[in-house]
Amino acid sequence: MIIGATSGIGRAMAQLLVSEGYTVGITGRREELLLELAATDPDQYRFRSFDVTDTANVTIHLEELVLAMGGLDTVVISAGGGDVNRSLDFEVEHRMIALNVEAFTCLADWAFNYFKRQGHGQLAAITSVAGIRGSRQAPAYSATKAYQITYLEGLRQKARKERTGIVITDICPGFVDTPAAKSPARFWVAPVPKAATQIYQGLRKQRHIIYVTRRWRMVAWLYRWLPNWLHERM
């Protein structure tokens with residue numbers, strides 16, 4: 001199941017998985033884009049259109065989609081967003097918090113509990129290298145991605161401690177060539193198909209962390225250990 005498959009990495013992941021023979025459940029707000037994608041292979045796609053920030057009804061939609069799929073072994077949370085917000089407009093920050101924290105938590109909890117009842121499964125979510133440190137250009141984005149990274153880490157510990165059989169994967173991209181990549185200073189920008197392929201390979205190997213592209217592992221390490229005095233001057 002790809003939650004957030006109408007565009008970008010989520011859509012590319014869905015297409016790749018279908019090409020590999022999987023039955024794929026796809027979700028998104030824009031039903032016309034889901035219909036367009038599902039029409040390319042009606043036998044392999046199942047879809048439900050809904051807004052993940054409507055957390056009161058998310059579980060109903062997800063359960064219906066699983067029923068239509070006939071089972072579930074992997075969930076990828078690709079629904080998320082970010083904006084550069086130098087003026088600290090609270091409405092912009094609030095939208096990111098609602099999507100990247102509240103909706104993300106609802107989706108992750110549902111998937112974890114589903115797989116716990118089942119006795120196996122893999123929960124993956126697309127976070128960001130930006131979540132390693134704070135950002136003056138997008139404070140809420142970096143903070144909400146830090147939340148996701150830490151939440152997944154907590155779920156990984158919980159899964160191991162409770163012997164659930166659940167694999168937790170943090171998909172941690174640098175820059176990928178999608179409309180969501182809004183930073184004015186970008187480098188090592190990965191084409192979407194390349195990003196999807198590396199994610200798929202990492203999921204198959206049940207990696208705990210998948211850096212996209214792989215060279216971002218080095219950047220993440222350097223960024224994490226960058227001295228505070230230097231980070232503050234960036």
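Which residues lie nearest the centre of the second largest pocket? In this predicted model, 18 residues line the second largest pocket, and those nearest its centre are Leu17, Tyr22, Asp73, Thr74 and Gln122. The volume of this pocket is about 370 Å³. Strand S4, strand S5 (121–126) and helix H6 (192–204) are the elements that each give two or more residues to its lining, and the largest share, three residues, is that of H6.

**The sheet and the helices on it**

Two of the elements that line the pocket, S4 and S5, belong to an open sheet of seven strands, whose order is S3-S2-S1-S4-S5-S6-S7 and whose pairing is parallel. At the edges stand strand S3 (45–49) and strand S7 (209–212), each of which pairs on one side only. Strand S1 (residues 2–3) pairs with strand S4 (residues 74–77) in the parallel sense over two bridges, and Ile2 has Val76 of S4 as its bridge partner. Helix H3 (residues 58–69) packs on the sheet, where it touches S1, S2 and S3, and its direction makes about 165° with that of S3. Helix H2 (residues 31–38) lies across strand S2 (24–28) and S3, and it runs at about 175° to S3.

S4 also pairs with S5, again in the parallel sense, over four bridges, and within this pairing Val75 stands opposite Leu123 in S5. How many of the six residues of S5 are buried? Six of the six are buried, so S5 is largely enclosed by the rest of the structure. Both of its faces are covered, since Gly121, Leu123 and Ala125 on one side and Gln122, Ala124 and Ile126 on the other are all buried. Gln122, one of these buried residues, is also among the residues nearest the centre of the second largest pocket.

**Gln44, before the edge strand**

The loop between H2 and S3 holds Gln44, which has a relative accessibility of 18% and therefore counts as buried, the cut-off being under 20%. Leaving aside neighbours within four places in sequence, Gln44 is in contact with Val18, Gly21, Tyr22, Thr23 and Val24. Of these contacts, Tyr22 is also one of the residues nearest the centre of the second largest pocket. The C-alpha atom of Gln44 is separated by 13 Å from that of Leu65, which is 21 residues away along the chain.

**Aromatic pairs**

The model has six aromatic pairs. One of them joins Phe104 and Tyr151 in an edge-to-face arrangement, with 6.0 Å from centre to centre and 80° between the planes. Because Phe104 lies in helix H4 (residues 90–118) and Tyr151 in helix H5 (residues 139–161), this pair ties together parts that are 47 residues apart in sequence. Phe104 counts as buried at 2% relative accessibility, whereas Tyr151 is partly exposed, with a relative accessible area of 22%. Together with Tyr147, these two residues form one aromatic cluster.

**Loops and backbone features**

The loop between S4 and H4 holds Leu88 and also Asp83. Leu88 has a positive phi of about 55° although it is not a glycine. Asp83 is 57 residues from Ala140 in sequence, and the two are 8.5 Å apart in space, C-alpha to C-alpha. A positive phi, of about 50°, also occurs at Arg163, which is not a glycine either.

The table gives the accessibility of three of these loop residues.

| Residue | Loop | Relative accessible area | Class |
|---|---|---|---|
| Leu88 | between S4 and H4 | 53% | exposed |
| Asp83 | between S4 and H4 | 26% | partly exposed |
| Arg163 | between H5 and strand S6 (166–173) | 78% | exposed |

Where in the chain does a cis peptide bond with omega near -10° lie? The bond in question runs from Val212 to Thr213. Thr213 has its place in the loop between S7 and helix H7 (216–224), and S7 is one of the edge strands of the sheet.

Key:
Residues numbered from 1 in each chain as written. Predicted model: local features only at pLDDT ≥ 70, side-chain atom pairs only at ≥ 80, totals over all residues. Heavy atoms only, no water. Pairing = 2+ DSSP bridges. Contact = heavy atoms within 4.5 Å. Axes fitted to C-alpha atoms, helices over the stretch in contact; angles between N-to-C directions. Phe/Tyr/Trp six-rings, centres within 6.5 Å; stacked < 30°, edge-to-face > 60°. Buried < 20%, exposed > 50% of the residue type's maximum accessible area, 1.4 Å probe, protein only. 1 Å grid on protein atoms, 1.4 Å probe; cavity = no way out; pocket = protein on both sides within 12 Å on 5 of 7 lines; lining within 4 Å. Points joined across faces, edges and corners; volume = space filled by probe spheres on them.
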